[in-house]
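Reader: I would like to learn how to read a protein model, one feature at a time. Could you take me through one?

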Amino acid sequence: MRRAVCPGSFDPITNGHLDIIERASKLYDVVHVAVLINKNKQGLFSVEERIALIEETCAEYSNVQVESHHGLLVDFCRERGIPAIVKGLRAVSDFDYELQMAQMNRGLTGVDTLFMPTSPTYSFLSSTLVKEVAAYGGDVSHLIPPTVHRRLVDRIAERAAR
């Protein structure tokens, strides 16, 4: 079976993430979506909420599995026998950083990284930007799945009410 992982924080998942996951799901028998945990960052959504949102938005892809992981991505890959990491690239600036990561991962365990150019529609998109625009009342409904949009608006309202 051909297996790959699409890693990220997914706080929250965007249409850009979904574009890469969908395309990877057509190339691989199993695509693991790894929600990476960074204890130094306080997310808007808990890891469990992010997993639930990804599972809901990726439900139509029967070969996508969603899990969380704390630690090195290559350890996640080694534990599951995953030989490939699939990463979306938005711009040349992404490539500079991602190339270093890919070379480090390959050197550590032999796991290869495949870069997929993001659809031009989403080339500017990041979870951070979506959260920032939404927090100031901007319309991001066209940038994230409807379920995610509802949860994002609700979460921002909850935080504002505190």
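Author: What follows goes through strands, burial, salt bridges and a surface patch in this predicted model.

Reader: Which way do strand 1 and strand 2 run, and how many bridges join them?

Author: Look for bridges between strands, then for the direction of each strand. Strand 1 (residues 3-8) and strand 2 run parallel and are joined by 6 bridges. One example is Arg-3, whose bridge partner in strand 2 is Val-30.

Reader: Which element lies between these strands in the β-α-β unit, and what is the handedness?

Author: Helix 1 (residues 15-27) completes the unit with strand 1 and strand 2, and the unit is right-handed. From strand 2 the chain crosses through helix 2 (residues 47-57) to strand 3, again in a right-handed β-α-β crossover. Strand 2 and strand 3 (residues 64-69) also run parallel, with 6 bridges between them. There, His-32 has Gln-65 as its bridge partner in strand 3.

Reader: How many residues of strand 2 are buried?

Author: Of the 7 residues in strand 2 (residues 30-36), 6 are buried, so the strand is mostly covered, where buried means under 20% relative accessible area. In a regular strand, side chains alternate between the two faces of the sheet.

Reader: Is Val-148, in a helix, buried or exposed?

Author: Read the relative accessibility, then the contacts. Val-148 lies in helix 6 (residues 146-161). Its relative accessibility is 0%, so Val-148 counts as buried. Leaving out residues up to four places away in sequence, Val-148 touches Pro-12, Ile-13, Leu-53 and Thr-57.

Reader: What about Asn-105: is that residue buried or exposed?

Author: Asn-105 lies in helix 4. With a relative accessible area of 10%, Asn-105 is buried. Its contacts, with residues up to four places away in sequence not counted, are Val-74, Ile-85, Gly-110 and Val-111.

Reader: Which residue forms a salt bridge with Glu-22?

Author: For a salt bridge, check the partners, the atom distance and the places in the chain. Glu-22 pairs with Lys-26, and their closest N and O atoms are 3.6 Å apart. The two residues are 4 residues apart in helix 1, so about one helical turn separates them. Glu-22 is partly exposed at 27% relative accessibility, whereas Lys-26 is exposed at 63%.

Reader: Where do Asp-75 and Arg-78 lie?

Author: Both are in helix 3 (residues 73-80), 3 residues apart, or about one turn of the helix. They form a salt bridge with the closest N and O atoms 2.3 Å apart. Asp-75 is partly exposed, with a relative accessible area of 23%, and Arg-78 is exposed, with 54%.

Reader: Is Asp-94, the partner of Arg-90 in a salt bridge, buried or exposed?

Author: Asp-94 counts as buried, at 15% relative accessibility, while Arg-90 is partly exposed at 36%. The closest N and O atoms of this salt bridge are 3.0 Å apart. Elsewhere, salt bridges that share partners join Glu-49, Arg-151, Arg-155 and Glu-158 into one network. The count for the model comes to 14 salt bridges.

Reader: Which residues make the nonpolar surface patch?

Author: Leu-72, Met-104 and Leu-108 make the patch, of about 300 Å². Leu-108 lies in helix 4 (residues 92-109). A patch residue needs over 30% relative accessible area. Leu-108 is partly exposed, with 46%.

How values were computed:
Residues are numbered from 1 along each chain as its sequence is written. This is a predicted model: local features need pLDDT of at least 70, side-chain atom pairs count only at pLDDT 80 or more; totals for chains, interfaces and linings use all residues. Side-chain values use heavy atoms; hydrogens and water are left out. Patches are made of residues with over 30% relative accessible area and no salt bridge: like charges are joined within 9 Å, nonpolar side chains (Val, Leu, Ile, Met, Phe, Trp, Tyr) within 5 Å. Accessible areas come from the Shrake-Rupley method with a 1.4 Å probe; for residues, only the protein chains shown count as cover. A salt bridge is a side-chain nitrogen of Lys or Arg within 4 Å of a carboxyl oxygen of Asp or Glu. Buried means under 20% relative accessible area, exposed over 50%, partly exposed in between (1.4 Å probe, protein chains only). Contact means heavy atoms within 4.5 Å. Two strands pair if DSSP finds at least two bridges between them. A crossover is right-handed if, with the strands pointing away from the viewer, the path from the first strand over the helix to the second runs clockwise.
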